[in-house]
Amino acid sequence: MRDLLALLAIVLAVPLAAQGSAPPAPYAYRQLDDPDQEAVARELMHTLRCIRCQSQSIADSDAPMAGDMRHQVRIRIAAGEEPEAVRRWLMARYGDYVSYEPVMSATTWPLFAIPPILALLAGLIVWRRLRRRA
Amino acid sequence: MSWRLWLPFLLFFGFAGLAAYQLSQPKDDTIKSTMVGKELPYFTLPPASLERPGVDSRYFYEGEPKLLNIWASWCLPCIAEAAQLEQLKDEGVEIVGVAIRDEPTDVMRFLTQHGNPYTRIGRDDLSEVQLAIGSSGVPETFVIDGKGVITYQHVGDIRHEHVPMLLEELRKAGR
Amino acid sequence: MIAELGLAALWLAAALAVLQLVGGALALRGGTESELAALTRPAAVLQGGLVALSFAMLLWVFAITDLSVKLVAMNSHSAKPLIFKLSGAWGNHEGSMLLWVTVMALAGALIAGIERRLPERTMQATLAAQGFVALGFYAFLLLSSNPFERLPQPAAEGLGLNPLLQDIGLAFHPPTLYIGYVGLSVAFSFAVGALITREVTPAFARAMRPWILGAWVFLTLGLVAGSYWAYYELGWGGYWFWDPVENAALMPWLAATALLHSAGVLASRDALRVWTIMLGVVAFSMSMLGTFLVRSGVLTSVHAFAVDPERGSFILLLLTLYIGGALLLFALRAGAISEGERFSVASREGALVVNNVMLSAILAVVLLGTLYPLLTEAFDVRVSVGPPYFNPVGAIFAFPMLAVMAVGPLLRWRRDSWGRISKELALVAAMLLAGIVLFAVLGEIALLPLLGLAFAVALAVASFLPLKGRRLKRVPIATWGMITAHFGIAVMLFGMASEGAFSQERLAALEEGGTTSVGPWAVRLEAVEPVAGPNWTALAGRLTVRHRDGDPQAIAPQSRNFWAPPQQTTESVLVTRWNGQLYAVMGGSSTDGRWQVRLWWKPFVTLIWYGGLLIALGGVLALVGRVRSDLKHRYISRRITERREERETA
């Protein structure tokens, strides 16, 4: 599956140990104490793209920057921010790229327009096909 | 009926054209900061070395345009760009450093070895400033005008040929 | 010498592909009696043998770590275990392309060798098409990706294989997937052959079906293995990421699944002719498209193999030639193929049409989401499309499809009434409602996993309903295949929904002797110890885990450092119970001397892959059933001819 991807990881991977001498951010590998907040944060982290590693969510990456992003997400959620506000905060900095969940905009509308069209089309095909009796 | 049979063919050629165009384009994997053109977010960072003070975002709101250099002692390309930063400093440019995930001892060692072009160096252990200004890697260099607005982002190490370009960007920001 | 032998065999095979193409084409023009026509079949068979030889030579140079061969020097290392030396042969661009043509040539040899049901003209057209497609890939290998290239100076030591790939599951995952991908080339050639001769008949569908089934089984197994590998190797507990590389493997499967069902309709009822041909073209096109996406580097996340844009352009050229050519042929010829028999809404065909339309819609959504970033990048905007898009949008089409899948097999061909199966319908609907209510009461579950659980339960029951009122011994093997595969879908769905609904996560920083818990498990970190392997060193965390009041178990997940090439990986440990898996990962140390331990409890997660295996098993049963009945028919018709001849001579 990700084998091909992993292959290139060799080419790109700076050995992990070389990415900073400082320890990971406090909430990079630590859950929030409130399980409800943690669940919200976790769901959000799964939909945010790790900027350094290119094809993993920040919830699935050992890259230090992903850890720092998890830290940001957790402390912001703990501070009572709405998950969508955190997403918007990141998108204001990195653009649409950082969110795995496309947000409807001038550039992404076809992603939302085409599936309903497909559904209509599917309905139409089935209806027409089946209306013609044997 | 017959025009519909051409649809898959046409769709495919749309894709093939797009793919051919993309293949002919140089692959650009950088993720540009969308903070360019916006005001620097508020931050204060403690000093990362004994020799230079820390960084406060308010520092960028007065005086000449400055460079904000995101770097780290553990980053190899940062060594490569040290000479160019030195050159920029000699041209009279003020360079403010932000050291990402770094220890003061490592920072000191790096600066002794490769020179210290910075007037201030902030210590960003949690990549907070890096995330706040939309930087996606180390090293990166931002041009900040005298009013605290980010006007340009340079991704990757500064090569020799980038120096005049950065000087030009600084000049533009100063107007 | 050995490398040169492999290369020579490849050139010869390419020459035979030319012969196959020319022979087939001449046969179409001059009738099947031409002398060259007699050569197409032997050319295909010999070609298969030569490419297999070439691939064996590649394995050989990897086995002996011949460092004068560039590919070996770049991708292998003398200190690697033998099995990973061998898998290194296909763990890179050139080797995997050789594997690709090997599968393609062997499939070509197989149809040339054993396929006897197609009309001879269609057969010749099919073989010509197969030779034509193979030729392009030979050209690609020989001109721009020669796996046997020598270095001017033998290297002192190899650069090694990505440690993530040094894993037994992954050693066999690519070949499995490739057999599936490339096996679909047979369906593609069949479809092109039929478009050329315009002979789209039930006999054609019956001839094509076993090949689709075979490729589909391997695709299924490849996907299941790949997903399990991602799950245990990447160390974060995810099993499907909607990554472009994964989508590239999923899309051919979706197309092949649709093709399988529409070919069934064509075989039994002589309907959906044009649609089946279309899907035959699309399925292999998706394989080629996937290869392009993975190797050209046009999609950001897929930095994979071909860092060289020349290769990307070459594959795009092949794509244009084959997909473009086949679709052009389709546009020109499909109008001449009539649609076939009609049928009513409430019929097996009706249900299969819905299934096909829904599968195609899902395919379109996956394709859209995968290619969309490519489109926006042309305008210098970078977007990401990930799970939060694919899951709900795919579900819009998946759930109606699953509903139809539950009741479709109960309907009769051609014409049926809902009234006849009203009892079964009521049962399935009741199960579904009961499931939704039950799971909704059970806990706070998000909508998609909730629907998933309920559908899985209803579907599991429904998949066995076709057996109702039948003598089990009389049920054909192929029907058992369908039941097994559909039940497998239900099992897999339950696993996925359960993982989504009930998984628990614990990230803990433990000192030696520290304890934590996840779900019903109590976990204690006993000690952290260094471990040395053949080409790595690791830190192993000795953990004692205990499920409720059960016996404590000792496990030792590792954080490994490979040195050739240098890279860090996590070796997770899975503790499997009947009702789920405990997933334990050893992370790094924090400054205060504590260790990061990541733990997940994932109820019923293993059902995802058991379900996948059941689906593949269903495919195997169907294949066995089809082939057996074919052989029986062939035997009977031969006996009839023999009898007649005996009588005539008597």
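## Helices, a contact and nonpolar cores

Me: In which order do the elements of chain A run from the N terminus on?
Reply: In this predicted model, chain A holds five helices and zero strands. Read from the N terminus on, the elements of chain A therefore follow one another, by the DSSP runs that define helices and strands, as α-α-α-α-α.

Me: What share of the residues of chain A count as buried?
Reply: A residue is taken as buried if 20 or more other C-beta atoms lie within 10 Å of its own. Of the 134 residues of chain A, the share that counts as buried is 47%.

Me: How many residues does chain B give to the contact with chain A, and of which classes are they?
Reply: Chain A brings 19 residues to this contact, and chain B brings 18 residues. By class, the side of chain B that touches chain A is made up of five charged, six polar and seven nonpolar residues.

Me: Which helix gives the most to the largest nonpolar core?
Reply: The largest nonpolar core has 230 residues, and among those that touch the most other members are Val101(C), Ile212(C) and Leu459(C). With 20 residues, the element that gives the most to this core is, in chain C, helix H8 (residues 202-233).

Me: Which residues is Val101(C) in contact with, leaving aside its neighbours within four places in sequence?
Reply: Val101(C) is one of the residues that touch the most other members of the largest nonpolar core. Once its neighbours within four places in sequence are left aside, the contacts of Val101(C) are Val51(C), Ala134(C), Phe137(C), Tyr138(C) and Leu141(C).

Conventions: Residues numbered from 1 in each chain as written. Chains lettered and ligands numbered in written order. Predicted model: local features only at pLDDT ≥ 70, side-chain atom pairs only at ≥ 80, totals over all residues. Contact = placed C-beta atoms within 7 Å. Nonpolar A, V, L, I, M, F, W, Y, C, P; charged D, E, K, R; others polar. Helix = DSSP H or I, 4+ residues; strand = E, 2+ residues; numbered from the N terminus. Buried ≥ 20, exposed ≤ 12 C-beta atoms within 10 Å, placed from the backbone. Core = buried A, V, L, I, M, F, W, Y, C linked by C-beta atoms within 7 Å.
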